[in-house]
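Ready for some practice at reading a protein model? Grab a pencil, open the viewer and try each task before you peek at the solution.

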Amino acid sequence: AGPGLLQGLRVIVTAGPTYEDLDPVRYLGNRSSGKMGFAVAASAARAGAEGVLVAGPVQLPTPPGVQRVDVRSAVQMRQAVMEALPADVYIGAAAVADYTPRSFSPSKIKKTGAGQTLTVELVRTPDILSEVASREDAGLKLVVGFAAETDDVAGYARQKLAAKRLDLIVANRVGVPGSGFESDDNAMTAYWNGGEREFPPGPKVRLADDLVALIAERMRA
Ligand code: PMT
């Protein structure tokens with residue numbers, strides 16, 4: 001992104017997976033590597049933003065000029081985001097768990113003698129993006145969500161744009177090579193009320209710059 005595009009703005013980016021602990025040795029996670037969110041945070045910083053990166057458990061270096069807060073679970077990610085507010089822009093690139101175990105077992109869950117199944121009860125996690133988008137005191141001028149979809153990408157993305165009252169949603173296809181989770185590349189389309197932009201597929205690092213440029217554009221709109 002061009003230098004100065006987000007000059008003086010405070011931008012919060014979430015990245016990576018969350019891990020929801022079952023017991024001291026096991027957790028529920030997902031395949032997010034954090035690459036997309038880290039690239040966006042790096043790009044925002046290059047564009048002059050004061051960047052705060054709330055990162056789930058990932059193996060990535062902190063981008064230059066970015067303040068990083070490491071978290072593990074969805075509940076911890078929510079807490080870190082709320083503490084980082086107010087901000088001008090929020091970008092939710094993290095793959096936040098939708099469910100977490102109802103209870104954490106302080107001792108390792110053992111195989112029981114009887115039966116071949118184990119039932120784990122899960123409860124919904126807080127929806128960080130919806131909460132951020134609905135907070136009047138957050139100071140936000142633009143709230144950006146990501147949508148990871150396997151099919152009807154446009155349909156689900158537009159649904160989330162409306163349901164979560166977002167300014168912009170970035171849909172990426174998952175479950176195909178060269179896009180989505182873990183890959184260095186992505187294929188993304190952004191949707192807003194009254195418009196959309198399909199970015200040329202390619203490296204996440206370049207797509208992050210394209211997204212920052214679009215964010216700067218939408219903030220002027
Ligand atoms: O990390 P990488 O390996 O580079 O992969 C990048 C990515 C595919 C993870 C990323 O580009 C992406 O699409 N992130 C969002 C993935 C996702 O979980 O989408 P979702 O449809 O479940 O969630 C929609 C939006 O709500 C997201 O902005 C998510 O951050 C947010 N959300 C979801 C659940 C929840 N409890 N709280 C949230 O804030």
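Below are six exercises, each with a worked solution.

**Before you start**

This is a predicted model, where local features need pLDDT of at least 70, side-chain atom pairs count only at pLDDT 80 or more, and totals for chains, interfaces and linings use all residues. Residues are numbered from 1 along each chain as its sequence is written.

**Exercise 1. Find out how confident the predictor is.**

Solution. Start with pLDDT, the predictor's confidence in each residue, from 0 to 100. The chain has a mean pLDDT of 96, and 100% of its residues reach 70 or more. Next, look at the complex: its ipTM is 0.98 and its pTM is 0.97.

**Exercise 2. Describe the shell around the ligand.**

Solution. First, get the rule straight: a residue is near a molecule if its C-beta atom, placed from the backbone, lies within 6 Å of it. There are 28 residues around the ligand, and Ser-33, Met-36, Gly-92, Ile-128 and Leu-129 come nearest.

Second, ask which elements they come from. Helices (H or I, at least four residues) and strands (E, at least two) are DSSP runs, numbered from the N terminus. At least two shell residues each come from α1 (35–46), α3 (128–134) and β9 (142–149). The top contributor is β9, with four residues.

Third, sort by class. Ala, Val, Leu, Ile, Met, Phe, Trp, Tyr, Cys and Pro count as nonpolar, Asp, Glu, Lys and Arg as charged, and the others, Gly among them, as polar. The shell then splits into 13 nonpolar, 10 polar and five charged residues.

**Exercise 3. Check where the annotated binding-site residues sit.**

Solution. Begin with the record: an unreviewed UniProt entry puts the annotation "binding site" on Asp-98, Lys-108, Pro-126, Asp-127, Ile-128, Leu-129, Phe-146, Lys-160 and Lys-164. They do not all gather at one spot, because they span 67 residues in sequence and the farthest two C-alpha atoms are 37.7 Å apart. A word of care: UniProt positions are given in the numbering used here, feature names are shortened, and annotations may be inferred rather than shown by experiment.

Now pick two of them. Asp-127 is in the loop between β8 (122–124) and α3, while Ile-128 is in helix α3. To judge burial, count other C-beta atoms (placed from the backbone) within 10 Å of the residue's own: 20 or more means buried, 12 or fewer exposed, and anything in between partly exposed. Asp-127 has 17 such neighbours, so it's partly exposed. Ile-128 has 24, so it's buried.

Finally, list contacts, meaning C-beta atoms, placed from the backbone, within 7 Å. Leaving out neighbours within four places in sequence, Ile-128 is in contact with Met-77, Arg-78, Val-81, Gly-92 and Val-96.

**Exercise 4. Explore the largest nonpolar core.**

Solution. A nonpolar core is a set of buried Ala, Val, Leu, Ile, Met, Phe, Trp, Tyr and Cys residues joined through C-beta atoms within 7 Å. The largest one holds 64 residues, and Val-11, Val-13, Val-40, Ala-41 and Ala-44 touch the most other members. The element that gives the most to this core is α1, with eight residues. Zoom in on Val-13: beyond four places in sequence, its contacts include Val-40, Ala-41 and Ala-44.

**Exercise 5. Spot the unusual backbone angles.**

Solution. Remember the background first: most residues other than glycine have a negative phi, and most peptide bonds are trans. Now look for exceptions.

- The peptide bond from Leu-85 to Pro-86 is cis, with omega near 0°. Pro-86 is in the loop between α2 and β6 (89–92).
- Asp-152 has a positive phi, near 40°. Asp-152 is in the loop between β9 and α4 (153–163), and counts as exposed because just 11 other C-beta atoms lie within 10 Å.
- Arg-165 also has a positive phi, about 55°. Arg-165 is in the loop between α4 and β10 (168–173), and its 13 C-beta neighbours inside 10 Å make it partly exposed.

**Exercise 6. Is Ala-55 buried or exposed, and what does it touch?**

Solution. Locate Ala-55 in strand β4 (residues 50–55). Count next: 24 other C-beta atoms lie within 10 Å, so Ala-55 is buried. Then list the contacts: Ala-55 touches Ala-15, Gly-16, Gly-34, Arg-68 and Asp-70, not counting residues up to four places away in sequence. Last, compare sequence and space: Ala-55 and Ala-94 are 39 residues apart in sequence, and their C-alpha atoms are 7.8 Å apart.

Note on methods
Two residues are in contact if their C-beta atoms, placed from the backbone, lie within 7 Å.
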